[in-house]
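Please open the model in your viewer and keep the selection panel at hand. The stops below say what to select next and what can be found there.

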Number of protein chains: 2
Amino acid sequence: MLDAIARLRRFNRAVTREVGALDQSYLGRGRPLGAARVLQLITPQGTDIAEIRAKLALDSGLLSRLLRTLEAEALIQLASDPADRRCRTAHLTPAGQTEMAAYEAIGYARAAETLARAGKQPQALIDAMDLIATTLLRDQTEIRDADPNDCAALACLQSYYDLLVEKIQGITPGMLTLPLADAQNYRPPHGAFLIAWSDDLPVGTVSLRPLDATTAEVKRLWVDRSARGQGIARRLMHAIESRAKSLGYAHLKLDTNAALTEAITLYRTCGWSDIPAYTSDPATHWLGKTL
Amino acid sequence: MLDAIARLRRFNRAVTREVGALDQSYLGRGRPLGAARVLQLITPQGTDIAEIRAKLALDSGLLSRLLRTLEAEALIQLASDPADRRCRTAHLTPAGQTEMAAYEAIGYARAAETLARAGKQPQALIDAMDLIATTLLRDQTEIRDADPNDCAALACLQSYYDLLVEKIQGITPGMLTLPLADAQNYRPPHGAFLIAWSDDLPVGTVSLRPLDATTAEVKRLWVDRSARGQGIARRLMHAIESRAKSLGYAHLKLDTNAALTEAITLYRTCGWSDIPAYTSDPATHWLGKTL
DNA sequence: CAAAATGCTTGACTAAGGTCAGGAAAAATA
DNA sequence: TATTTTTCCTGACCTTAGTCAAGCATTTTG
């Protein structure tokens with residue numbers, strides 16, 4: 001009775017109540033849940049209705065009708081996509097933005113309330129939620145390109161730096177600055193900056209910069225604590241290697257530090273092998289791979 | 001964008017999907033969700049329909065109809081409560097028990113599936129779920145009497161022993177045996193054994209045994225790691241003190257070890273003060289309180 | 001260019017959940 | 001004992017969600 005599954009089911013019950021309560025409060029704005037959910041997916045810049053349908057798994061007839069009620073309330077405008085006039089796009093009107101902000105406020109308030117219940121340790125609660133969300137969203141984790149100066153990219157780098165400071169003797173926060181001075185190196189056509197997303201949370205990153213015409217360097221592999229053990233680091237390495245290949249590189253290098261043991265193990269199982277030192281100081285290990 | 005509230009809302013989205021999927025699989029038994037939920041609240045011994053209505057927050061008319069469909073399927077039997085013939089009680093028939101077991105199996109299977117997704121660290125996932133469930137169910141935590149040989153009681157004691165072994169030098173698992181040799185001391189009319197429940201998970205315990213006609217001893221205060229910081233220990237102490245009072249005791253004593261710092265702090269803030277040693281060995285602190 | 005496929009809308013229909021007023025039986029209260 | 005209250009049932013009715021087939025405009029394919 002105290003086994004893992006009983007505990008998990010208790011979690012399910014607790015969370016069902018919570019989610020149900022959130023739905024109830026959305027109802028407070030005098031609109032059925034279906035319409036409210038659709039409205040919350042529409043951006044001021046416009047959202048393809050096919051995208052809404054896919055996200056909410058709605059029947060096309062049903063969605064069509066929900067959109068029409070929102071349009072009748074003057075919350076959204078529907079327009080044909082100029083590129084393909086069969087497709088339609090929904091835009092938020094100013095009134096729609098106001099309404100949407102009201103829903104945001106409800107969600108925000110309820111979240112704050114939940115957080116308040118955590119008492120003295122909200123961080124522990126958030127960590128637990130991150131772990132669960134990442135686990136449940138595991139199959140949805142996707143790797144996408146980013147610009148090294150994006151705010152998500154900077155957040156990843158900051159977390160990576162925090163890790164280095166924590167793990168490697170002799171590295172202090174002052175030695176690491178953001179944004180990257182050589183950001184240009186991590187952009188196409190010679191470099192890349194990849195982020196692994198779980199829902200709208202960046203949970204991992206890796207990047208690539210040119211060393212010479214045929215050699216590139218893999219830099220800053222990081223996976224968030226809550227997302228480890230799910231093969232994300234390996235997926236990032238595969239992604240960056242195939243990207244390097246498609247950018248025309250034949251050789252890859254990287255440097256790392258003995259304190260990052262899991263990373264070193266990962267590199268080796270990905271087919272990387274030791275090479276002579278080509279950088280200094282915090283680096284203690286140097287690996288290479290030919291594509 | 002990476003603040004606590006954004007993360008919490010991501011958690012909400014992840015978990016909504018999961019709960020929705022569970023509902024979908026309940027649908028697999030060819031019965032609408034409402035009826036399935038009602039069925040799962042009915043015990044073979046019989047459940048008052050007022051209780052079901054309260055738990056699911058259903059309209060009496062609606063519940064009446066749901067019960068009738070279950071009765072028509074021969075899954076339940078309805079009978080008037082002999083004590084108050086206005087009230088009715090629902091009993092599971094053998095067919096109903098079979099059907100209920102099928103729902104249990106579905107929930108169990110889905111839970112096992114989720115657990116499998118945790119990869120190499122299922123324990124971390126369960127710990128996270130416990131923390132969240134306990135936090136969300138905080139207001140529902142209730143303290144009830146138990147028998148010291150109940151399986152929940154034994155589980156609490158085992159966890160308490162594990163804590164002692166971990167915290168106190170010189171205590172080894174072999175020194176602590178279950179069930180308690182003097183279980184009788186913790187039963188009415190001279191003793192008590194209280195358990196704090198969060199949903200169906202025991203998250204804390206405390207017990208009381210007689211020392212002499214006017215003095216009792218408080219023993220084995222424990223709160224699960226996932227439930228700390230919510231005042232449960234304090235509630236347990238209040239409960240056991242008022243129980244001692246109603247059992248006619250005038251004085252309370254307890255012994256504890258210096259390693260259990262939070263407990264000692266709690267005792268002092270509950271109005272306990274140092275008294276002369278009255279036990280030996282692992283005990284290093286002795287406190288008392290006059291009611 | 002004709003045929004097929006795609007994206008969406010419309011209307012007809014169903015199931016499920018939920019509300020409400022009224023009423024019967026039983027219990028509590030005056 | 002008469003009145004009020006409680007508990008539940010019944011029937012009428014409504015809203016929401018969801019399915020399905022037909023149809024229109026547009027794009028893609030052969």
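Which atom of B:Gly34 lies 2.9 Å from a phosphate oxygen of DNA strand C? Select B:Gly34 together with DNA strand C, and the answer is a backbone N or O atom of that residue, a polar contact in the sense of a pair of N or O atoms within 3.5 Å (within protein, one must be able to donate a hydrogen and the other to accept it, and residues adjacent in sequence count only if both atoms are side-chain atoms).

Before going on, please note that this is a predicted model, in which local features need pLDDT of at least 70 and side-chain atom pairs count only at pLDDT 80 or more, while totals for chains, interfaces and linings use all residues. Residues are numbered from 1 along each chain as its sequence is written, chains are lettered from A and ligands numbered from 1 in the order in which they are written, and side-chain values use heavy atoms, with hydrogens and water left out.

**Stop 1: DNA strand C**

Keep DNA strand C selected and show the residues near it, where near means that a heavy atom of the residue lies within 4 Å. There are 22 residues around DNA strand C, and the closest are A:Arg53, A:Ser64, A:Arg68, A:Arg88 and B:Gly34. Of the atoms of this strand that come within 4 Å of the protein, 68% belong to sugar or phosphate, and the rest belong to bases.

Two arginine side chains of chain A deserve a look here: a polar side-chain atom of A:Arg65 lies 2.9 Å from a base oxygen of DNA strand C, while a polar side-chain atom of A:Arg88 lies 2.5 Å from a phosphate oxygen of the strand.

Now colour by secondary structure, in which helices (H or I, at least four residues) and strands (E, at least two) are DSSP runs numbered from the N terminus. Helix H3 (49-56) and H4 of chain A, together with helix H2 (33-41) and H4 of chain B, each supply at least two residues of the surface near DNA strand C, and the largest share, 5 residues, comes from H4(A). By class, this surface has 8 nonpolar, 4 polar and 10 charged residues, where Ala, Val, Leu, Ile, Met, Phe, Trp, Tyr, Cys and Pro count as nonpolar, Asp, Glu, Lys and Arg as charged, and the others, Gly among them, as polar.

**Stop 2: DNA strand D**

Select DNA strand D next, which has 21 residues around it, of which A:Gly34, B:Arg53, B:Arg68, B:Arg86 and B:Arg88 come nearest. Sugar and phosphate account for 72% of the atoms of DNA strand D that come within 4 Å of the protein.

In the side chain of B:Arg86, an N or O atom is 2.9 Å from a base oxygen of DNA strand D, and in that of A:Arg65 an N or O atom is 3.5 Å from a base oxygen of this strand. B:Arg88 turns up at the backbone of the DNA instead, with an N or O atom of its side chain 2.5 Å from a phosphate oxygen of DNA strand D.The largest share of the surface near DNA strand D, 5 residues, comes from H4(B), and the surface as a whole has 7 nonpolar, 4 polar and 10 charged residues.

**Stop 3: the sheets**

Select strands S1, S2 and S3 of chain A, which form an open sheet in the order S1-S3-S2 with antiparallel pairing. Strand S1 (47-48) and strand S2 (76-80) of chain A stand at the edges, each with a single partner strand, so one side of each is left without a neighbour in the sheet. Two strands count as paired if DSSP finds at least two bridges between them, and S1(A) and strand S3 (residues 88-92) of chain A pair over 2 bridges. To see these strands face each other, pick A:Asp48, which stands opposite A:Thr89 in S3(A).

Then move to chain B, where 3 strands form an open antiparallel sheet in the order S1-S3-S2. Here 5 bridges join S2(B) to strand S3 (residues 88-92) of chain B, and the bridge partner of B:Ala79 in S3(B) is B:Thr89.

**Stop 4: helix H6 and the axis**

Select helix H6 (residues 122-136) of chain A, whose 15 residues should span 21 Å at 1.5 Å a residue, in agreement with the 21 Å between its end C-alpha atoms; the expected span is 1.5 Å times one less than the number of residues. Is H6(A) mostly covered or uncovered? H6(A) is mostly covered, with 11 of its 15 residues buried, where buried means under 20% relative accessible area, exposed over 50% and partly exposed in between (1.4 Å probe, protein chains only). Among the buried residues are A:Leu125, A:Ala128, A:Met129 and A:Ile132.

Finally, show both protein chains: chain A can be laid on chain B with an RMSD of 0.4 Å by a turn of 180° and a shift of 0.0 Å along the axis, the superposition being by least squares on the C-alpha atoms of residues with pLDDT of at least 70 in both. The two copies are thus related as by a two-fold rotation axis. In chain A, the C-alpha nearest the axis is that of A:Ala128, 2.3 Å from it.
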